[in-house]
Structure formats: structure tokens, C-alpha cells
Amino acid sequence: MKQVLQRLDSGQIEVRDVPTPNIGPHQLLIQTRATLLSAGTERMLVEFGRASLIGKARSQPDRVRQVLDRMRTDGIGPTLEAVRSKLADPLPLGYCNAGIVRAVGSKVNGFSIGDRVVSNGYHAEWVRVPATLAAPLPDGVSDESACFTPLAAVALQGIRLAAPTLGETVVVFGLGLVGLLSVQLLRASGCRVIGLDLNPERRRMAEQFGAITFESTGAAQVEAVRQATDGVGADAVLLTLASKSSEPVSLAAEMARQRGRLVLVGVAALELNREPFFRKELQFMVSSSYGPGRYDPAYENEGQDYPIGFVRWTAQRNFAAVVDQIDRGGIDPLQLVTHRVPVFEAATAYEAILEDHDSLAVILTYPEREDAAASPTVPVARSSSTVSRQTHAQVIAGVLGAGNFARRTLLPLLGKAGIQVRTVVSNGGLDASLAAEQVQADAASTDIAAVIDDPNVNAVFVLTRHDSHASLALRALRAGKHVFVEKPLALHSEELDELESLASESPGVLTVGFNRRWAPLTNELGRRLAGRVGPLAITCTVNAGALPADHWAKSRGVGGGRLLGEGCHFIDLLRRVVGAPIASLDVCAAQVDSRVVEDIAHLTLRFADGSIGTIAYLSNGARDYPKETVTCFADGRTHVIENWRRLRSFGRPAVAAGWPRRQNKGHLEQLHAFVAAIGRGSPPIPYDELFEVSRWSIRAAELARQGLNRIEVT
């Protein structure tokens, strides 16, 4: 299928051939009939992409501070590479889509195959969307009219916050696409509308919809509104503009009546003068997209609708309300269309909105192919400048998963380790296409069987979310493949038992991405500890940083929680450095109001040789403090690994500290070890050690959740 993308580093618009996405249980698969290109929002995206690096930095000062913090801890080189990688990722465009349902998730109600719907899908021939962000279309609403719905829902949500009543006067400040849709919705609600904009054509259109308009600016605008309201002022002001200045909000405060309402629907600076807000007791609100439910993972990803008795107007119900108004003739969005362009010529459409500032709504049209089949696998096109691929690689890989870690950390190293990639698979399709191009693979796909059942693939990389690791590893092992699983190996003991039994019988080699055990500084630390006489005391401090409460890694069902999903790295590191089995484990996790906080925890391990280790896994530290520090005490000496950039040793004989080097956590070294293990037919990490670490990692998470303290070997 074709999808419209924008490169953030250059602003270039491209139409790429990508695999058709898979859907989850709460999603719909839609074949697109029409999409709306919003001149205001999408013009800003393209202008951001075409700005210089300095221009991008000036527009994102918060991100610049994050980059500087990371430079202090990880070094300049890795940080700049991460920034360039982020900017090189093409951004899927579009959020106003009308089409036909071709597949329905197993837990979706209210939709059937063949239904015409509107959604917030991308500019693409096929899209997957949450069912809670889609609404059915009646026969009387055309596809082109329908694709205005999400944008009109943005306007409607701002109006709902302003809560106008019949006969009130509302100022619409900014008559772009959202502003003109707001005018129509307000008129349909029985409000008197005043429109403000410098563009005469947009004022003319607003007047056609029943508004009175003014072209004045600054204080003259305020005076014009006062005169139009007999000196009272507007009951409400909707700010439907995009401005880097705080002046529009200040002007809105002056033109509003006593105890009036201001709603920011667009973008403006918020350096406000308190005086008019205090003097008039004004209400000021910022509207969030289509309405309640938007950006709530439970609503969007898990299909948890809000009860209508408690939340009357959700995002989906706002969609339905807009569709109803279009059907009844309350609003007529087609009057706003200035261009129609085939999706294959999308770059032309974006040039139109950049060059013609009078353009409003651009409709992208799609071929009407009723019987068009979804394509889960597409070949990867290569330019003539692409470096020739290896043809006699020992490891021919299929990659399952193409998220941020895969594409920015692991996949770029596969070629350096002599691994040739045949197919990359991801549920979304676009990520698979980008990753496949990155590693010069033959194909991108959304079908797991394209890897598992391919006789030419002898190794499978499982780089998906944690809850699928064990099942995919089992499937690959049963197919006789070698398997590299990004940590953790499994979330449950039962899965580990099945994997351990199968691994011992399978011809394939199994390993887990415990990369720190392969880091050069880990090996150097082992050399300096060689021949130690007494027990080792080792402390690993992990300044993990906070994640949002709804992040998937913190979910027990999907990520297993951070103590399991990430803490397993450091249990394995201690096991590797000590070189003896784990004998017992103590866990002490922080609590807030009797609720366990898993990612603020201390783990204490005792080993069979008498050594001890402590892991301080902490999410409540400063961003500019080093992320990882490993300190070892043994035989009168102390060794410190500083954020995988430097190893310092104290005591005699003295060892020169050296300058901080480029951070190296062992990712490439572990891939070399995997390739070597395949060659000799034995795992790079002995299975007894691999499953030992995995079991203790699961136990650590269980102890933290249960508020218990200790588990010992029985």
C-alpha cells in the first residue's frame, strides 16, 4: 500500500510502499477512500522539517535541554547520533480519514466489515485505528465531507469547553480551517459569531456562514468587538490560530465580558498579563484534540469507553455529533475545499499549501478498488548507491519487531557482525519498511510466517514487546531456527520451563540480549579481578529515569514491569562478574500510600561463593546524573565502571584511569558472540546460567509486588 510520509531532517514529502498493517483486538482495518490535508497543522510540520538544525532547536527548547543533559552523561558522539537518527525517521502524516472497514478486531463491537467510517487514520491506502476513534457514516454523508470530521471534532471540543448558550456572542479568533468549522458549528448552536482574521477571503467565507467579521488588529479588534456587543464584550472567545506570541490571548482577555470564557484551541504563547483575568474573573481553558479519551491508552488501545452518564461527549461521540451535523446540513465542509490531489501526488499537495497561503482544505483522493487485497509483504526498493550486500553470510536473519531500540541500536550493527537480514516484520508495516531499508533486507512484512516459515532464514531476532518474547521464541525454536531474544526471555515461570525444555532439544541456538556481559569494560573488569582470593562485593546503581505511569514497559501484562523487563540486565551482569550461582535474593521496593513502586528498589544477591551484590534500580534521580555505575570491592582494591565509558581502579597496583571513551554497552560484541555460537553449535551463554538469571529476574519482580523480602535456593 501507499503511505504519505515526511522526513523531519529535510521536510521532504514521500509516498512509500509499505506492508498493510495488522490489527489488534480493539482496532479496525480501513481501506481509505479520502483523506483531508489540514493546511494549518500540516504546513507547520513541513516548515519545521525544512528548518535548519538551529531553527529546529529554537522551536524546541525543552528538547534541547534534554539533549544537553544526555551529552553530559553519554558523551557528544552518541547523543548527536541519537538526534540525527530521530530526525531521520519519516513521520506518517494525516489524521482525517474516511473509508471502508475491511477487518474488525476480536473485541470490537458496533462495527462490521463493509461499514463506511470516519477515523483519525493517516494518509495511506490502508490504516488501522482504535475503534474508539472511529464513527459510522450514513449514506447521505460523502467520503470527502466525512474526512473533515476529526478536524471539526477539534473545533467542537473547544466549543464544548466554552459552553455557549442560545443567543450568546462568541468570537472566533483566527479563521483557518478549524476557525471556519467553528463558525458553522456555533451558528448551528444558535450563537452570534464574530470572526477575526486578516485574510479577506477567509472573512468572506465566515460571513457566508453567518458571522460578522473584522479585519482590524490589536486594540482596534478589542474596540470592534465591544461595539458589536453594545460595550458588554464577548461571552466567549475561541482562539483558533497558530501564533508564537502571547498577544492573541491578551487581546482575547480584553474583548471578553466580565466572567467570560477563553478557550485555546490552536497554538499561542502563554506569557499572560494577570490583570484582565483578575479584574474580570475570566475562565481560561486549553482544549485537547477531539475530546475526552484522546491520548488515554485505556480508551484508545484497550477499548475502554467512558460511561455516557459520566462523560457525555467522548472523542468518538464528538465524531458522531459532527457526522450528524453534516448529514443534517448544519455544517457544509465541502465549501472549504481548495484543492483535490491523488494520493500518489501528495508532494504536490504539500507544495500547494506552502506556496498558496489562501489554501484551506486539500483532499487526497484514492483509487476506488473494491477488491483490492491487502499486501502484508512488500519488497524493499534499493537505490543504485546502496552498498552491495553480503552473499555468503553464515547467518541469514529474520527480524520480528522494528521499534526504537531495534532500529536505533541493534539493527545498525547486524551487518558489522556479518549477519544478513532477509525480512523485517512489524505489526504496523511502516516500521518494518523503514527498518528493512536500513539493513538492506529483501522484504518488509506484517506477517510473522514470512520469517518463521522461510527456509532461507536460519536465525530469528525477537525484538518485540516483552509479552510476546517467549511465544515467538518457542515458535522459532520449533521451526529449528537459531533465536536471539531481546531481554527479558519470558514474563512467567511456566514459559521459562517450556523454553528450557525445548532449547535443550532444538538444533537451534538460543540466547538473550544481555549485552552488558559482553561489554569491553566488563571483560577488562574480569581481567582485573582474575585471581581474587576473597569474596566480591559489587554495587550496581541504575539511574533509570522516570517513565509515564501508562508506559507499556511498566505494565505487568505487556512489559512485565521495569524490575523484570530492565532489571534482568543487571542481575545477569552481577552473575557474569561474580562467576558463581545466585544463592539468595532480597528485594526492598519503595512504597507510596501502601502501593509498591517497583522501579524504586534495592536488590541484594548472595552468591554461592560467598560474594554479595546490590542493584539499586532507581527511577527518581536526576537526568544529568550518570545512568549506570558499577562498583566492585575485592582484595583491598576498588574498581568503578562509569556509565560504560571508563573503568577506574583504586588500590595497589595502581592502574591509570584514562580519559572517558565512547560509551560501549556491548551490543556489537554480543552479536559477534551469537554468530560464533551458531558456528560451533553451542549457546553463547550456557543454558543453566541463562535460565538461572531469567528465573531470578521473575522472582525479583514477584517479591517487589508482594512486599516480601527474601527467596533462597532450596
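**Buried rings, one cavity and two contact neighbourhoods**

Let me begin with one residue: because its relative accessibility is 1%, Phe461 counts as buried, a word that stands for under 20% relative accessible area, whereas exposed means over 50% and partly exposed lies in between, with a 1.4 Å probe and protein chains only. Please keep in mind that this is a predicted model, in which local features need pLDDT of at least 70 and side-chain atom pairs count only at pLDDT 80 or more, while totals for chains, interfaces and linings use all residues. Residues are numbered from 1 along each chain as its sequence is written, and side-chain values use heavy atoms, with hydrogens and water left out.

Now to the chain as a whole, which has 24 helices and 31 strands; these are DSSP runs numbered from the N terminus, with H or I and at least four residues for a helix, and E and at least two for a strand. Of the 714 residues in the chain, 53% are buried.

What links Phe461 to other parts of the chain? The structure holds 7 aromatic pairs, meaning rings of Phe, Tyr and Trp (its six-membered ring) with centres within 6.5 Å, where planes under 30 degrees apart are called stacked, over 60 edge-to-face and the rest tilted. One of these is the edge-to-face pair of Phe461 and Phe674, with 5.6 Å from centre to centre and 85° between the planes. This pair joins distant parts of the chain, since Phe461 sits in strand E21 (residues 459–462) and Phe674 in helix H23, 213 residues apart. Phe674 counts as buried because its relative accessibility is 0%. Phe674 also makes an edge-to-face pair with Phe484, at 5.7 Å centre to centre and 70° between the planes. Because Phe484 lies in strand E22 (residues 482–485) and Phe674 in helix H23, this pair ties together parts that are 190 residues apart in sequence. Phe484 is buried as well, its relative accessible area being 1%, and ring pairs link Phe461, Phe484 and Phe674 into a cluster.

If you follow the chain past helix H23 (667–680), you come to the loop that leads to helix H24 (687–706), and Ile685 is found there. Is Ile685 buried or exposed? With a relative accessibility of 0%, Ile685 counts as buried. Its C-alpha lies 6.6 Å from that of Thr511, although the two residues are 174 apart in sequence. Beyond residues up to four places away in sequence, Ile685 touches Thr511, Val512, Phe514, Arg517, Trp518 and Leu690, where contact means heavy atoms within 4.5 Å.

Phe514 appears again among the residues that line the largest cavity, together with Pro488, Leu489, Ala490, Leu564, Cys568, Ser694, Ser697 and Ile698. Helix H24 gives the most to this lining, with 3 residues. The volume of this cavity is about 40 Å³. On a 1 Å grid over the protein atoms alone, a cavity is a set of points where a 1.4 Å probe fits but cannot get out, and lining residues have an atom within 4 Å of a point.

Let me finish elsewhere in the chain, with Val323 in helix H13 (residues 315–328). Val323 is buried, with a relative accessible area of 4%. Leaving aside neighbours within four places in sequence, its contacts are Val118, Pro136, Leu137, Pro138, Val141 and Thr149. Val323 and Cys147 are 176 residues apart in sequence, yet 9.6 Å apart in space, C-alpha to C-alpha.

How values were computed:
1 Å grid on protein atoms, 1.4 Å probe; cavity = no way out; pocket = protein on both sides within 12 Å on 5 of 7 lines; lining within 4 Å. Points joined across faces, edges and corners; volume = space filled by probe spheres on them.
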